[in-house]
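Please work through the following exercises on helix packing with the structure open beside the text.

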Amino acid sequence: MITTPSPSSTIFGTNIVAMATPMHPDGSLDRAGVDTLLAHLSATRCDGVVIAGTTGEAPTLTGHEISQLIARARRHPDHALRVIAGVGTNDTSTGIEMARSAAAAGADALLITAPYYSRPTQTGIAEHIVAIAEAGGLPVMVYDVPARTGVSIEASTLMELSRHPLIGAVKDAKGDLYEAMTVMCSTDLAYYCGIDELALPYLASGATGLVSVTGNVVADRYAELIAAVRAGNLDRANAIQRSLLPLTDAVMRTTQGAIMAKAALVRIGVISDATVRRPLLESSAADLRRLDAALSATGIDQESRSVHVPVRLA
């Protein structure tokens, strides 16, 4: 049976940001920086955040730190901001514990990847995702990112998963738009573009929204892009997408998204330090010059951009 995907999702949000994790120079969590970043994202019309995703440097975060981040986001004054917890792992039992901890910390939903490195069968992938989903008891966004996991989640597997009552969305970082459209037309899954460079093609093809990295800096532009597509104004949407290309290129194609997103957040005054945990390394001087040029080309004034000061949480 062919169905038409919903243009919006009240469970996960629409303009979602894969949030960076602010850190002090010694690598410890910068809690004040987390508050400031959450306030910045809320003020720039982000309606959902992924905590402890790839951009949040999930592989280097402890379970306790992830729970702290979720709880902090949950306590933020903007109660409309959805909190989606990344629980991607290659060990199902660990994923089950992560899902339970995320639910206990106050997450609204879970983001679950295919198991990385192990390269299981499609049946193994499906059983892994279902086991973690049922342990957490929260709505689930399946994250298909074969460049990082080493294995794709096939369309038939996504269609099978769509029948589970907890599995309601896909974050697609595979980039196969034909396959995405096939799944969107065959299921009720909400689809989210997980490749910033392809935001407009996915939205124009029926995607519900975005889970972006550059949204850490320009979530307001993505909100405008989504609104333009929803209004059928593709000329306006195309102009917005093109205006974002220099920044998208600098953040996503220089070194690594988490590295460059933090550097950009420092450049616009949202966080104070661009520290990343090893094996990631901070941006080089050449990379920062490229980023500065991109910010300028995108029309972002690093000197005068307003920074939204949050309500401080203990």
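The two exercises below concern pairs of packed helices in a predicted model.

**Exercise 1.** Determine how helix α1 is oriented against helix α2, and describe which residues make the contact.

*Solution.* Begin with the geometry: helix α1, which covers residues 31-43, packs against helix α2, residues 63-74, at an angle of about 45°, and their axes lie 10 Å apart. Angles under 35 degrees would count as roughly parallel and those from 65 to 115 as roughly perpendicular, so α1 is oblique to α2. Next, consider the handedness, for which the crossing of α1 past α2 is right-handed. Turning to the side chains and backbone that meet, α1 contributes Arg31, Val34, Asp35 and Leu38, while α2 contributes Gln68, Leu69, Arg72 and Ala73. Sorted by character, the residues of this contact comprise four nonpolar, one polar and three charged.

**Exercise 2.** Carry out the analysis for helix α11 and helix α12, ending with the character of the residues in their contact.

*Solution.* Start again from the axes: helix α11 (residues 257-267) and helix α12 (residues 285-297) are 11 Å apart, and the angle at which they pack is about 60°. Because roughly perpendicular begins at 65 degrees, this arrangement makes α11 oblique to α12. The handedness follows as the second step, and here α11 passes α12 in a right-handed crossing. Then list the partners: Met260, Ala263, Ala264 and Arg267 on α11 meet Asp287, Leu288, Leu291, Asp292 and Leu295 on α12. Classifying the residues of this contact gives six nonpolar and three charged, with no polar residue.

Notes: Residues are numbered from 1 along each chain as its sequence is written. This is a predicted model: local features need pLDDT of at least 70, side-chain atom pairs count only at pLDDT 80 or more; totals for chains, interfaces and linings use all residues. Side-chain values use heavy atoms; hydrogens and water are left out. Axes are lines fitted to C-alpha atoms, for helices over the stretch in contact, and angles run from 0 to 180 degrees between N-to-C directions. Helices (H or I, at least four residues) and strands (E, at least two) are DSSP runs, numbered from the N terminus. Angles under 35 degrees count as roughly parallel, over 145 as roughly antiparallel, 65 to 115 as roughly perpendicular and the rest as oblique. A crossing is left-handed if the near helix is turned anticlockwise from the far one by less than a right angle, and right-handed if clockwise. Contact means heavy atoms within 4.5 Å. Ala, Val, Leu, Ile, Met, Phe, Trp, Tyr, Cys and Pro count as nonpolar, Asp, Glu, Lys and Arg as charged, and the others, Gly among them, as polar.
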